[in-house]
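Trainee: I would like a close look at a single part of this protein, taken slowly and then set against the rest of the chain.

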Amino acid sequence: MADSAGIQQGSPAIGAAGLVPAAPGAGGTEGSGAAGGSARIAVKKAQLRSSPRPKKLEKLGVYSSCKAEGACKCNGWKSQNPPPTPPRTDQQSNTVNLQEPCRSCSHTLGDHVTHLENVSEEEMNRLLGIVLDVEYLYTCVHKEEDADTKQVYFSLFKLLRKSILQMGKPTLEAQESPPFEKPSIEQGVNNFVQYKFSHLPSKERQTIMELAKMFLNQINYWQLETPSQRRQRVPTDDAAGYKANYTRWLCYCNVPQFCDSLPRYETTQIFGRTLLRSVFTVMRKQLLEQARQEKDKLPPEKRTLILTHFPKFLSMLEEEVYSHSSPIWSQDFLAGASGGQIPIHTVISAPPVARPLYYSTSPVSVDPTTCGSVSPARKTVLESIPVGEKRKPTEPLPHEENKRPRAVGDIPLELINEVMATITDPAAIPETSLLSAHSARDEAARLEERRGVIEFHVIGNSLNQKPNKRILMWLVGLQNVFSHQLPRMPKEYITRLVFDPKHKTLSLIKDGRVIGGICFRMFPSQGFTEIVFCAVTSNEQVKGYGTHLMNHLKEYHIKHEILNFLTYADEYAIGYFKKQGFSKDIKVPKAKYVGYIKDYEGATLMGCELNPSIPYTEFSVIIKKQKEIIKKLIERKQAQIRKVYPGLSCFKEGVRQIPIESIPGIRETGWKPVGKGKELKDPDQLYSTLKTILQHVKSHPNAWPFMEPVKKTEAPGYYQVIRFPMDLKTMSERLKSRYYTTRKLFMADMQRIFTNCREYNPPESEYYKCANLLEKFFYTKIKEAGLIEK
């Protein structure tokens, strides 16, 4: 049945228009297509394996170290250095006597193959296969023009050469092994079919399955563009992340198609959304273009499928690939999906779970008593951020809230509370068109933190405390992550700063291992912190971890009363820091940081000023909830004014003009007639008018208490009572930055000053009286300027 068949991967084809990638090497070294190149290599291997045993020994002797007495250092019958002309793999060499002396060490060829005398035919044939792969890669190295690709080919060449010398199996030494991201592309496409098409009848669903199968096959045989080509096409892209995936793709997917001595994986099974995002747009364009060009070559039964249904399928899939809230990329997708999952049929055996090499040791036992809390003496070494513990601003009691005077433009609390009661948990609010992608960038990471999948810890080395094994393991992990993700930074420099007791690192822990972190140094006396390194391991990117890391760091610094960040960002990091609120406009006085912060050549100094009233780790939730409240308020207002009035018939009777207020229902919408207090449309005229009014207010003899922000030392507990402080200095800065685009914004801030004063101070106080007198003066000036009715 189609409903249970699953997406199976077969040969790479779109009818007759299937794209077939070139073999490794520039211009298709071994042929013009994958099938042709691998087939020719397979034929040569079969011919060599059917040769007589002396011929096999002769071939292996070229790549075997000399076993003669006297500790000969010859690594093969041929010179260890590659010859000037690459060897031809399709040319048979002349018969050589095993007693003939070696050109390098003068020992006989037989001395190089003594270790093969008792080796079985099966093992010898395996080694011969590696020999042909070595010669093929050697040719690729010489013909390849791209530096990154050439480097990978050469690394694989050395790996296979070493395997022949040691008679071992080639094992790729990498920081991580497949799969590199979960869910995989294959799983994501299966989830997409389940998510979008599970309701279709069996026959239509079978068509979708064919399209999905076709798409997966194309990815498995797709030729990725080199990192240098991608940098030219997309200069702002994550170059380091793409290069890491490109290298993995070459080692595990592309080269093993031709060199079968290396383990091969399907691209769709070991890579996930990150790689798919980097190739989808180009791949979709090229596939559709080629299908249109070769439509006449397509079989009739495939023509409609490819030319009509396939573009729609790709368009729908594209939305899910680039959407920040698509459920198909969640590992918990099937837990909430209705109906059964489509079984996935793999071509090759399932790859092992990815695990970095530096975590291959046995698990570290951790004292459970130290996981939840840390003694005061150890807080400089390890400071845990427990899941769910957020900084909460102090809120006034309900009876105090009811007594508080409302400012101009405030929405009644009763209405807010009524709307709030209709809104569910903000985490469960569905994404709407009102919400930008930025507001929920860290949503997935925040949910993982709640479920305990990830943890955040501020750690650092200490010269005063006994070393903690777990912390040292995490510090080593951080050093590896930074070294891998920041290749331009010297490894010794990274190690020195990560283990420097003056530096701390906010580490991101997942499954007991470090996957990211931010290394920083605090300068409390100068009022800022320098961010030195910031990185998340490549296969864990595009999950919101970077944003959530930075938000935790902001919360941590607000608790320690440091409200400024400084960092030198290179060209690839500027975009990330801009998204986190950093800018090139540095708020910290230069005298504060000169001589303290490390200067990096070719980098841009960026700064971020923190607002202590913002709970950063929950900021996107708050924004989402606020927008949902506004949406509900709009819906309520629309429901109230949804009454349909009869059309105006007066114009048919010859009336040419009527007052706006006479239109039935116009006042119910909230419209008010514009009197003398009209809004100034000219921005410069508005700015000039407001500037004059503000200068008059600041010159008033009763304005002295409101000239600058209230100091905590002068008014204890002020910021616990007043949640939205305002003062004339802040208003001047806002006016200068053209913040006041309407008179209402200006009046609301001024009214906030008077409201806050009366809320905090008793009526008999001098401040209270100053607020009343200045308020009366302010409204006199507003009326004189014609901004409100007299």
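Which residues are buried in H27?

Mentor: The model is a predicted one, and that should be kept in mind throughout. Helix H27 runs over residues 766–784, which gives it 19 residues, and from its first C-alpha to its last it reaches 27 Å, close to the 27 Å expected at 1.5 Å a residue. Within H27, the buried residues are Tyr768, Cys770, Ala771, Leu774, Glu775, Phe778, Tyr779, Lys781 and Ile782. Because these residues cover an arc of only 160° around the axis, they lie on the same side of H27. On the other side of H27, by contrast, Glu766, Lys769, Lys776 and Glu784 are exposed. After H27 comes Gly786, which has a positive phi, near 80°.

As for what lies against the buried residues of H27, their cover includes H26 and helix H23, the latter spanning 683–699. H26 itself, residues 743–760, has 18 residues and a reach of 26 Å from first C-alpha to last, close to the 26 Å expected at 1.5 Å a residue. Of those 18 residues 13 are buried, so H26 is largely enclosed by the rest of the structure.

The aromatic side chains of this region are worth following next. Phe778 and Tyr779, both among the buried residues of H27, belong to a cluster linked by ring pairs, whose other members are Phe706, Tyr739, Tyr740, Phe746 and Phe754. One member of that cluster, Tyr739, also has Arg734 over its face, at 4.5 Å from the ring centre.

Arg738 deserves its own description. Arg738 is placed in the loop between helix H25 (728–736) and H26, and its phi is positive, about 60°, although it is not a glycine. Such a value stands out because most residues other than glycine have a negative phi. With a relative accessible area of 42%, Arg738 is partly exposed, and its charged end sits over the ring of Tyr687, 4.0 Å from the centre of that ring.

A comparable backbone feature is found elsewhere in the chain, at Glu561, which is not a glycine either and has a positive phi of about 60°. Glu561 lies in the loop between helix H19 (545–559) and strand E8 (564–569), and at 67% relative accessibility it counts as exposed.

Two cis peptide bonds can be added to this list of backbone details. One leads from Pro178 to Pro179, with omega near 0°, and the other from Lys182 to Pro183, with omega near -5°. Pro179 is in the loop between helix H4 (147–166) and helix H5 (185–197), and Pro183 is likewise in the loop between H4 and H5. For context, most peptide bonds are trans.

Finally, the whole chain gives the setting for H27. Its secondary structure comes to 27 helices and 9 strands, and buried residues make up 46% of its 790 residues. Among contacts between residues at least 6 apart in sequence, 74% join residues at least 24 apart. The search of the whole structure for aromatic pairs finds 30 of them. For Phe577 and Phe582, the ring centres are 4.9 Å apart and the planes stand at 70°, so that pair is edge-to-face, and both Phe577 and Phe582 are buried. The chain exposes about 41,600 Å², of which carbon and sulfur atoms supply 53%.

How values were computed:
Residues numbered from 1 in each chain as written. Heavy atoms only, no water. Helix = DSSP H or I, 4+ residues; strand = E, 2+ residues; numbered from the N terminus. Expected span 1.5 Å × (residues − 1). Buried < 20%, exposed > 50% of the residue type's maximum accessible area, 1.4 Å probe, protein only. Arc of directions from axis to C-beta. Contact = heavy atoms within 4.5 Å. Areas by Shrake-Rupley, 256 points an atom, 1.4 Å probe, with all protein chains shown as cover. Phe/Tyr/Trp six-rings, centres within 6.5 Å; stacked < 30°, edge-to-face > 60°. Lys NZ or Arg CZ within 6 Å of the ring centre and 35° of its normal.
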